[in-house]
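User: I am new to this structure and would like to learn how to read its features one at a time. Could you take me through some of them, giving the general idea and then the case at hand?

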Amino acid sequence: MQGDLILIFRVYLITLLWQVSFWPLVRRFFNGSPDQGWAVTRILFSLIVALFAWELAYHKIALNTGWFLNGLGLLLGLIGLIFIKKGGWPTKIIWKNIALSEYLFILGLFGIALVRGYQPDIDSLEKFMDYGFIKRYMMSPILPAMDMWWAGSQINYYSFGHFYSSVLVRMWGVELARGYNLLLGFLAGSGLTISYSVIRKILGKEIGEKKAGFSAFLGSLVVILGGNGHSLWYLLKNRNMNEYWYADATRFIHNTIHEFPSYSFVVADLHGHLIDLPFVLLFLYFLIDWVKKPTKWTELSMGVLFGVMMMTNTWDVAVYGLLLVVIGMYKL
């Protein structure tokens, strides 16, 4: 247990370093946000590194390596620190939102990673494929990477999320057997903190800081750790839980598969739909700003994130593409 805590704490400190160094630049673009972009900085930092490496590797520039990723991260952090004196000192309210956001990240990272520590095996479901894709990306200096099962062929799956995961594991300096479970904690923590910020943005200042903060905190827990009410429905219908099987909650609606984040974290399914979760939430974060006050910067960011979602989990494009159409028609 002590070794697990040290490893998790190490990952936390590395990501906190990303956060602190890059936030001075990020906050300049989100000056009107309750936390001035603190919640999204870890994802933005790591996503920028991953996209640069992805693009170079597809142009056959063999820089998809650990030393290049960390070097790029160092450069990005130094660029961020240039702006450390240009944003002014954050207000007390902003610091409170930052503190609550950081608490949620720690809760998700340590909570899920420690739970996985009691069942760390990477087997069953689609975990073999998830692990295999990440491993292949870690081994391939150029892209596309070779498929680990289809001999002589390239990975032809929407797997940018697995490439992104390989970037995180190498920047953390851990082996994939441990990094796999740490990734689940990182996604949970990122999901909690960005959910908090998205909800906080939607609520605004009309209901007061305390009510908005508490509502956003509770809402983030429901988004990432909540279910769909299937267990309650089963209890009311059968008046007991004797034959209840938790996985049935993902088949609540007849002939459909509708997994939710907490289920994926429980079964450790590091698949595209779960890795895409922070990217989707980040897209919504920008979308709220775009609805309130459209800017070229916001539209460019949404376009990039829409492409990332397409490469990570194609199904999300259908959902949020339709959302964009509806909102676009509303704004006409």
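User: Which side chains does Arg200 meet in a salt bridge, and how is such a pair recognised?

Analyst: A salt bridge is a side-chain nitrogen of Lys or Arg within 4 Å of a carboxyl oxygen of Asp or Glu. Here the side chain of Arg200 pairs with that of Glu209, at 2.5 Å from N to O. Please keep in mind that this is a predicted model, in which local features need pLDDT of at least 70 and side-chain atom pairs count only at pLDDT 80 or more, while totals for chains, interfaces and linings use all residues. Residues are numbered from 1 along each chain as its sequence is written, and side-chain values use heavy atoms, with hydrogens and water left out.

User: Is Arg200 buried or exposed?

Analyst: Buried means under 20% relative accessible area, exposed over 50%, and partly exposed in between, with a 1.4 Å probe and protein chains only. Arg200 counts as buried because its relative accessibility is 3%, whereas Glu209, at 30%, counts as partly exposed.

User: How many salt bridges does the rule give, and what is the partner of Lys201?

Analyst: The count comes to four. Among them is the bridge between Lys201 and Asp289, whose closest N and O atoms are 2.4 Å apart. That pair links distant parts of the chain, since Asp289 belongs to helix α12 (residues 277-292) and Lys201 to helix α7, 88 residues apart. Helices are DSSP runs (H or I, at least four residues), numbered from the N terminus. Lys201 is buried, because its relative accessibility is 5%. Another bridge joins Glu175 to Arg178, with 3.3 Å between the closest N and O atoms.

User: What span does helix α5 have, and what covers its buried residues?

Analyst: The expected span of a helix is 1.5 Å times one less than its number of residues. Helix α5 (residues 127-139) has 13 residues and reaches 18 Å from its first C-alpha to its last, close to the 18 Å expected. Its buried residues include Met129, Phe133 and Tyr137, and their cover includes α2 (38-58), α6 (160-172), α7 (176-203) and α10 (261-267).

User: Which residues is Leu5 in contact with, beyond its neighbours within four places in sequence?

Analyst: Contact means heavy atoms within 4.5 Å. Leaving those neighbours aside, Leu5 is in contact with Phe110 and Leu114. Leu5 lies in helix α1 (residues 2-26), and its C-alpha is 8.0 Å from that of Phe110, although the two are 105 residues apart in sequence.

Terms used. Helices (H or I, at least four residues) and strands (E, at least two) are DSSP runs, numbered from the N terminus.
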